[in-house]
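Reader: Please take me through the empty space inside this model. I would like a close look at that one part, then its setting in the chain.

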Amino acid sequence: MRISTDRDRCIGAGLCVLTAPDVFEHDDDGLVTLLEPEPAAEREQDVRLAHQLCPARALTVEAARPEPS
């Protein structure tokens with residue numbers, strides 16, 4: 001999985017940080033900062049929940065791209 005953030009949309013609600021603190025944090029302005037753009041598989045459930053909970057829809061979650069053969 002790959003995650004991206006849209007800091008222009010972020011309102012600093014903090015649900016992403018509360019849900020997946022090892023993947024997201026807030027900067028000094030209170031906006032989302034991505035710590036891990038490609039988190040481990042065991043973090044997927046938390047990241048997807050953070051995506052669903054974000055009131056500003058500032059998070060994008062994409063499926064992992066398959067490795068080339």
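Author: Start with the count. The structure, a predicted model, holds one cavity of 30 Å³ or more. The volume of the largest cavity is about 90 Å³. Rolling a probe the size of a water molecule over the atoms shows where empty space is left.

Now the wall. One stretch of the lining of the largest cavity is C10, I11, G12, A13, G14, L15 and C16. V32 also lines the largest cavity. C54, P55, A58 and L59 are in the lining as well. By class, ten lining residues are nonpolar and two are polar. None is charged. The two polar ones are G12 and G14, because Gly counts as polar here.

Take A13 from that wall. A13 sits in the loop between β1 (2-5) and α1 (15-19). Is A13 buried or exposed? Its relative accessible area is 46%, so A13 counts as partly exposed. Buried would need a value under 20%, and exposed a value over 50%. A13 thus lines the largest cavity and is partly exposed. Setting aside neighbours within four places in sequence, A13 contacts H26 and P55. P55 is another residue of the cavity lining. H26 belongs to β2 (24-26). Twelve residues separate A13 from M1 in sequence. Their C-alpha atoms are 23 Å apart in space.

Next, the other side of the lining. R57 is found in the loop between α2 (44-53) and β4. What is unusual about the backbone of R57? Its phi is positive, about 55°, although R57 is not a glycine. R57 is partly exposed, with a relative accessible area of 49%. R57 is not listed in the lining, but A58 is.

Strand β4 covers residues 59-62. L59, at its start, lines the largest cavity. V61 lies in the same strand, β4. V61 is buried, because its relative accessible area is 18% and the cut-off is under 20%. Beyond four places in sequence, V61 touches M1, R2, V47, R48 and H51. Of these, R2 is in β1 (2-5). V47, R48 and H51 are in α2 (44-53). V61 and D6 are 55 residues apart along the chain. Their C-alpha atoms are separated by 12 Å.

A20 gives a contrast in burial. A20 is in the loop between α1 and β2 (24-26). Its relative accessible area is 0%, so A20 is buried. Leaving out residues up to four places away, A20 touches R43 and D46. A20 and E44 are 24 residues apart in sequence. Their C-alpha atoms are 9.5 Å apart in space.

Finally, the whole chain. The protein chain has two helices and four strands. In sequence order, the pattern is β-α-β-β-α-β. The radius of gyration is 12 Å, close to the 11 Å that the globule rule gives for 69 residues, so the protein chain is as compact as a globular protein of that length. The C-alpha trace spans about 45 × 20 × 20 Å along its principal axes. Of the 69 residues, 28% count as buried. Among contacts with a separation of 6 or more, 54% join residues 24 or more positions apart. The accessible surface comes to about 4700 Å². Carbon and sulfur atoms hold 47% of that surface.

Conventions: Residues are numbered from 1 along each chain as its sequence is written. This is a predicted model: local features need pLDDT of at least 70, side-chain atom pairs count only at pLDDT 80 or more; totals for chains, interfaces and linings use all residues. Side-chain values use heavy atoms; hydrogens and water are left out. On a 1 Å grid over the protein atoms alone, a cavity is a set of points where a 1.4 Å probe fits but cannot get out, and a pocket is an open set with protein on both sides within 12 Å along at least five of seven lines; lining residues have an atom within 4 Å of a point. Grid points are joined across faces, edges and corners, and a volume is the space filled by probe spheres set on the points. The radius of gyration is taken over C-alpha atoms; the globule rule is 2.2 Å times the number of residues to the power 0.38. Buried means under 20% relative accessible area, exposed over 50%, partly exposed in between (1.4 Å probe, protein chains only). Contact means heavy atoms within 4.5 Å. Accessible areas come from the Shrake-Rupley method with a 1.4 Å probe; for residues, only the protein chains shown count as cover.
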